[in-house]
Amino acid sequence: MNKLRLTIGYSSIAERVDKINFPEKRPQTEILVAVQGGLTREPDRADIRMIHLDTFGAAKSRNVILQEANSEFVVFGDDDMEWKEDGLTKILNQFDRNRNLDLILCQSENEHKQLRKKYPKQQTRLSKFNSAKAATYEIAIRLSSFREKKIFFHEDFGAGKKNYIGDEYIFISEACTSGLNCQFIPITIATHPKVSSGMIYGTLQDTQARSNVFREVFGKLAIPARAGFILKNPLRISNPNLALRFIFGIFPKE
């Protein structure tokens, strides 16, 4: 059997699987759905496979997709978004044109067909300094490169965990640090509701989660990196107490 071109991998929980708006069947494409929290009805489509997990956390689901995928390229879906068919085709063409390209970060729009945030106007090489706003459904990867480098999502971060944000940023940062060629390309790949967890600021919970993400990405340089974030984005964490907690990683112990 010829190897598949694309895996569309969804992370979901049992009670939300029926809400997934699956794309139309595509040639050489498989759809994997990592389901947590119970069993679900099997879909009446040969290209869709359910994988039932007894653990929780979106990062865990995405790692299972990375392990189970049988394709050249992978994209990661949420259960409340829709793919743009022309966007999926364009990213595959980009990978074909550049065999050294390992990760593409795309752009997405909201339900009003407006871009969800400010994106670069042109293709841009990614690093840990410019990929913090990435959403999972904007990421497309060449699977063999990530398997070779043994790069997976950090399972202590992401939806379903105390550190409920930042798994995408850590994933891309690790890929860049490992020498993979990661690029932003202004291709609109998905539609997603405007509000998401990564846009929430101003609570102790999200401040602690972000502080921990910076620790994971920057290590010993986390404090100056956090301070730089505050200087560049003073309105994001405007409460002085929270800003100091964020910079120095000072939070109540559980």
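This report describes a predicted model, beginning with helix 4 and its surroundings and ending with a nonpolar patch on the surface.

## Helix 4 and its cover

Helix 4, which spans residues 167-177, is mostly covered, with nine of its eleven residues buried. The buried residues are Asp167, Glu168, Tyr169, Ile170, Phe171, Ile172, Ser173, Ala175 and Cys176. The cover over these residues includes helix 1 (58-68), helix 3 (143-149) and helix 5, together with strand 6 (103-109), strand 8 (139-142) and strand 9 (182-191).

After helix 4 comes glycine 179, a residue with a positive phi, near 95°.

## Packing of helix 4 against helix 5

Two packed helices are described by the angle between their axes and the distance between the axes. For helix 4 and helix 5 (residues 204-218), the axes come within 10 Å and cross at roughly 10°. Because angles under 35 degrees count as roughly parallel, helix 4 is described as roughly parallel to helix 5. On the helix 4 side the contact is made by Tyr169, Ile170 and Ser173, and on the helix 5 side by Val213, Glu216, Val217 and Phe218. Tyr169, Ile170 and Ser173 are also among the buried residues of helix 4.

## A nonpolar surface patch

Ile223, Leu244, Phe248 and Ile250 together make a nonpolar patch of about 390 Å² on the surface. One of these residues, isoleucine 223, belongs to helix 6 (residues 222-232). Isoleucine 223 has a relative accessible area of 39%, and is therefore partly exposed, since that class lies between the cut-offs of 20% for buried and 50% for exposed.

Key: Residues are numbered from 1 along each chain as its sequence is written. This is a predicted model: local features need pLDDT of at least 70, side-chain atom pairs count only at pLDDT 80 or more; totals for chains, interfaces and linings use all residues. Side-chain values use heavy atoms; hydrogens and water are left out. Patches are made of residues with over 30% relative accessible area and no salt bridge: like charges are joined within 9 Å, nonpolar side chains (Val, Leu, Ile, Met, Phe, Trp, Tyr) within 5 Å. Accessible areas come from the Shrake-Rupley method with a 1.4 Å probe; for residues, only the protein chains shown count as cover. A salt bridge is a side-chain nitrogen of Lys or Arg within 4 Å of a carboxyl oxygen of Asp or Glu. Helices (H or I, at least four residues) and strands (E, at least two) are DSSP runs, numbered from the N terminus. Buried means under 20% relative accessible area, exposed over 50%, partly exposed in between (1.4 Å probe, protein chains only). Axes are lines fitted to C-alpha atoms, for helices over the stretch in contact, and angles run from 0 to 180 degrees between N-to-C directions. Angles under 35 degrees count as roughly parallel, over 145 as roughly antiparallel, 65 to 115 as roughly perpendicular and the rest as oblique. Contact means heavy atoms within 4.5 Å.
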